[in-house]
Amino acid sequence: MMTSVDAELIRVLADPLRLRIVTLLARETLCTTHLVEETGARQTNLSNHLRVLREAGVVETEPCGRFTYYRLRPEVIAVLAGQFAELAETARASSAADNKRACAP
């Protein structure tokens with residue numbers, strides 16, 4: 001049975017800077033200073049994007065002295081990937097069955 005794709009999570013990840021942050025955090029846990037260096041974004045702008053990612057449950061934080069480290073929650077990405085895989089499988093099955101809705105005259 002097909003599940004719906006999480007539209008809110010897609011909206012969160014659709015922003016190019018947020019997607020870049022997620023890509024960087026997939027490789028390693030980073031603090032804001034590292035993310036500023038890697039992305040070239042201003043610290044305030046980056047912090048706002050990190051807040052959105054944290055509120056969406058995509059990243060989690062770890063305080064370390066005066067720094068805050070961010071870590072990607074891979075299970076959230078895995079769920080989204082699974083939803084897309086189910087959507088693709090539904091489309092394959094529909095295409096194979098030649099499902100086509102008739103137009104009303």
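Biologist: Which residue in β3 stands opposite C64?

Modeller: In this predicted model, C64 stands opposite F67 in β3. β2 and β3 (residues 67–72) pair in the antiparallel sense over 6 bridges.

Biologist: What makes β2 and β3 count as paired strands?

Modeller: Pairing requires at least two bridges between the strands. β2 and β3 have 6 bridges, and therefore they satisfy the criterion.

Biologist: Why is one side of β1 and of β2 left without a neighbour in the sheet?

Modeller: The sheet is open, with 3 strands in the order β1-β3-β2 and antiparallel pairing. β1 (30–31) and β2 (59–64) stand at its edges, and each has a single partner strand, so one side of each lacks a neighbour in the sheet.

Biologist: Which strands does α2 touch, and which does α4 touch?

Modeller: α2 packs on the sheet and touches β1, β2 and β3, its direction making about 90° with that of β3. α4 also packs on the sheet, touching β2 and β3, and its direction makes about 115° with that of β2.

Biologist: Why is H49 called buried?

Modeller: A residue is buried when its relative accessible area is under 20%. The value for H49 is 11%, so H49 is classed as buried. H49 lies in helix α4.

Biologist: Which residues does H49 touch, not counting those up to four places away in sequence?

Modeller: With that exclusion, H49 touches D15, L17, R18 and I21.

Biologist: How do you know that the buried residues of α1 line one face of the helix?

Modeller: The buried residues of α1 (residues 7–14) are L9, V12 and L13. Seen down the axis of α1, these fall within an arc of 90°, so they line one face. The face turned away from the buried side carries the exposed residues A7 and A14.

Biologist: Against which helices do the buried residues of α1 pack?

Modeller: They pack against α2 (16–27), α4 (43–55) and α5 (74–96).

Biologist: What makes the approach of D6 to E8 at the start of α1 a polar contact?

Modeller: A side-chain oxygen of D6 reaches to within 3.2 Å of the backbone nitrogen of E8. The cut-off for a pair of N or O atoms is 3.5 Å, so this pair meets the distance condition.

Biologist: Where in the protein chain is confidence lowest, and where is it highest?

Modeller: Confidence is lowest in α5, at a mean of 89, and highest in α2, at 98. The mean pLDDT of the protein chain is 91, and 96% of its residues reach 70 or more.

Definitions and conventions
Residues are numbered from 1 along each chain as its sequence is written. This is a predicted model: local features need pLDDT of at least 70, side-chain atom pairs count only at pLDDT 80 or more; totals for chains, interfaces and linings use all residues. Side-chain values use heavy atoms; hydrogens and water are left out. Buried means under 20% relative accessible area, exposed over 50%, partly exposed in between (1.4 Å probe, protein chains only). Helices (H or I, at least four residues) and strands (E, at least two) are DSSP runs, numbered from the N terminus. The arc is that of the directions from the helix axis to the C-beta atoms. Contact means heavy atoms within 4.5 Å. A polar contact is a pair of N or O atoms within 3.5 Å; within protein, one must be able to donate a hydrogen and the other to accept it, and residues adjacent in sequence count only if both atoms are side-chain atoms. Axes are lines fitted to C-alpha atoms, for helices over the stretch in contact, and angles run from 0 to 180 degrees between N-to-C directions. pLDDT is the predictor's confidence in each residue, from 0 to 100.
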